[in-house]
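Q: Hi! I'm new to this one and would like a quick tour of its charged pairs and helix packing. Could you show me the structure to begin with?

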Amino acid sequence: MTSDVTTLTASAPWLEVDALLDDPGTRIVVCCGAGGVGKTTTAAALGVRAAERGRKVVVLTIDPARRLAQSMGISELDNVPRRVKGVDEAAGGELHAMMLDMKRTFDEIVEGHADAERARAILENPFYQSLSAGFAGTQEYMAMEKLGQLRAGDEWDLIVVDTPPSRSALDFLDAPKRLGSFLDGKFIRVLMAPAKVGGRAGMKFLNVGMSMMTGTLSKLMGGQLLRDVQTFVAAMDTMFGGFRTRADATYRLLQAPGTAFLVVAAPERDALREAAYFVERLAAEQMPLAGLVLNRVHGSGADQLSAERALAAAEALTESCADRPGEDTGPNSPSTNADSPPAENLGPDGIVDLAGGKTGSRTPGGPSPAAAADHAASPSVSAAHLAAGLLRLHAERMQVLARERRTRDRFTALHPEVPVAEVAALPGDVHDLAGLRAIGDRLALRPGEAAED
């Protein structure tokens with residue numbers, strides 16, 4: 001089956017995906033978008049295509065879904081890049097994939113910036129365990145930490161990042177600042193103050209104020225939690241400055257020319273509304289936007305036949321059938337219901353075929369070969385009904401195409417500077433490397449080119 005890629009309007013420049021992937025200056029590609037638009041699949045397909053074009057690629061996903069591992073044939077993804085088998089490495093490329101483990105990443109930071117004894121005290125601290133497992137913004141902060149680690153190692157030609165769904169997909173732009181501000185903020189500094197003040201007088205004066213504050217905090221937080229927090233703060237004292245420093249460095253990395261953001265959307269109103277939000281937010285943050293990937297776009301090899309003409313033809317066929325009441329009007333008509341033939345339909349040698357006005361013997365399994373051939377030789381009204389049904393299905397498809405085009409055109413009218421790549425819908429779900437290659441092929445198609453299913 002051939003599916004045509006919808007032709008882009010003149011106001012929407014074409015997103016040259018292969019040029020983006022082949023450019024050695026492109027080191028990071030970040031895929032963001034609403035949930036359910038094929039963002040994870042797009043990230044994986046980009047990784048496969050870049051690797052098979054000669055680049056050493058790692059795909060990092062922070063989406064909790066495990067479809068990436070399934071589509072790449074990896075039994076389990078974790079915090080360590082795993083090599084993907086089955087990728088064509090003839091051009092010299094490789095593909096690795098990993099899924100962010102935010103707690104393990106936090107543990108690695110602690111282990112890398114503290115001596116063994118202090119690291120053990122931090123890792124065993126109950127407040128740290130809660131913070132590293134589920135504190136708001138921790139996942140996004142650790143995603144940026146992991147991205148910074150991968151980029152600093154300079155082992156990979158290209159890093160493809162798959163972000164969480166919905167508007168939280170851009171939380172990773174804010175989370176490093178938020179968590180860094182928390183860990184480097186006034187509250188933490190107050191809790192650290194006793195260790196920072198020298199001399200008995202200073203400690204005596206400070207302890208009066210601290211006892212009043214901690215008494216209040218104990219009532220709010222609970223005494224044990226407050227002690228856990230203070231222990232955590234004391235152990236992390238030497239590391240706090242590094243959090244904000246690394247967060248700022250990663251933020252600058254995202255703004256650097258070697259980074260490219262791709263907004264992924266479906267040709268639907270809500271998804272493109274979210275895409276417009278992403279585009280505007282990235283512009284406000286001065287992040288380099290490469291373009292929009294419009295996923296699951298429907299097409300038709302017979303789009304020269306409009307919905308209106310198809311419906312008119314279907315109506316004409318239906319009316320022509322109604323004008324021939326004596327003939328078979330479908331599989332459920334009385335003339336074809338062999339289970340309960342009328343008594344007058346019986347003849348001495350068989351059953352009289354009222355539809356044709358002739359007598360022809362029927363076998364228990366249906367009409368005799370001679371009768372069947374005679375019946376097939378005449379025009380079939382059931383075929384007209386089938387043609388009318390197909391025309392109506394085509395009209396529905398053309399209406400979908402028209403709606404998708406209008407929705408896309410509204411987006412491009414608002415953001416005519418954003419390059420667009422349209423990906424024709426596949427006939428089935430993507431669950432293996434072959435499917436990812438097919439998506440990659442569609443990503444790279446020029447406007448007006450056709451994709452073979």
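A: Happy to! Let's start with Arg151, which is partly exposed, at 23% relative accessibility. Keep in mind that this is a predicted model.

Q: Thanks! Which residue does Arg151 form a salt bridge with?
A: Its partner is Asp154. The closest N and O atoms of that pair are 3.5 Å apart.

Q: How many salt bridges are there by this rule?
A: The count comes to 21.

Q: Why would side chains pair up like that in general?
A: Side chains of opposite charge can pair when their charged atoms come close.

Q: OK, which residues are joined into one network by salt bridges that share partners?
A: Those are Lys103, Arg104, Asp107, Glu108, Glu111 and Lys146.

Q: Let's zoom in there. What does Asp107 pair with?
A: Asp107 forms a salt bridge with Arg104, and their closest N and O atoms lie 3.8 Å from each other. Both residues are in helix H4, which covers residues 102-113. They are separated by about one helical turn because they sit 3 residues apart in that helix.

Q: And Glu108, which residue is its salt-bridge partner?
A: Glu108 also bridges to Arg104, with the closest N and O atoms 3.8 Å apart. Here the two residues of H4 are 4 residues apart, about one turn of the helix.

Q: Is Asp107 buried or exposed?
A: Asp107 counts as buried, because its relative accessibility is 9% and the cut-off for buried is under 20%.

Q: What about Arg104 and Glu108, how accessible are they?
A: Arg104 counts as partly exposed at 32% relative accessibility. Glu108 is partly exposed as well, with a relative accessible area of 27%.

Q: Switching topic: at what angle do H4 and H7 pack?
A: The angle is about 60°, and the helix axes are 9 Å apart. Helix H7 spans residues 138-153. The two helices are therefore oblique to each other.

Q: Is the crossing left-handed or right-handed?
A: H4 passes H7 in a left-handed crossing.

Q: Nice. Which residues make the contact?
A: From H4 you have Met102, Thr105, Phe106, Glu108 and Ile109. H7 brings Thr138, Gln139, Met142, Glu145, Lys146 and Gln149.

Q: How do those contact residues divide into nonpolar, polar and charged?
A: There are 4 nonpolar, 4 polar and 3 charged residues where H4 meets H7.

Q: Do any names come back from the network?
A: Yes, Glu108 and Lys146 are part of the salt-bridge network, and both are also among the residues making the contact of H4 with H7.

Note on methods. Residues numbered from 1 in each chain as written. Predicted model: local features only at pLDDT ≥ 70, side-chain atom pairs only at ≥ 80, totals over all residues. Heavy atoms only, no water. Salt bridge = Lys/Arg side-chain N within 4 Å of Asp/Glu carboxyl O. Buried < 20%, exposed > 50% of the residue type's maximum accessible area, 1.4 Å probe, protein only. Axes fitted to C-alpha atoms, helices over the stretch in contact; angles between N-to-C directions. Parallel < 35°, antiparallel > 145°, perpendicular 65-115°, else oblique. Left-handed = near helix turned anticlockwise from the far one by under 90°. Contact = heavy atoms within 4.5 Å. Nonpolar A, V, L, I, M, F, W, Y, C, P; charged D, E, K, R; others polar.
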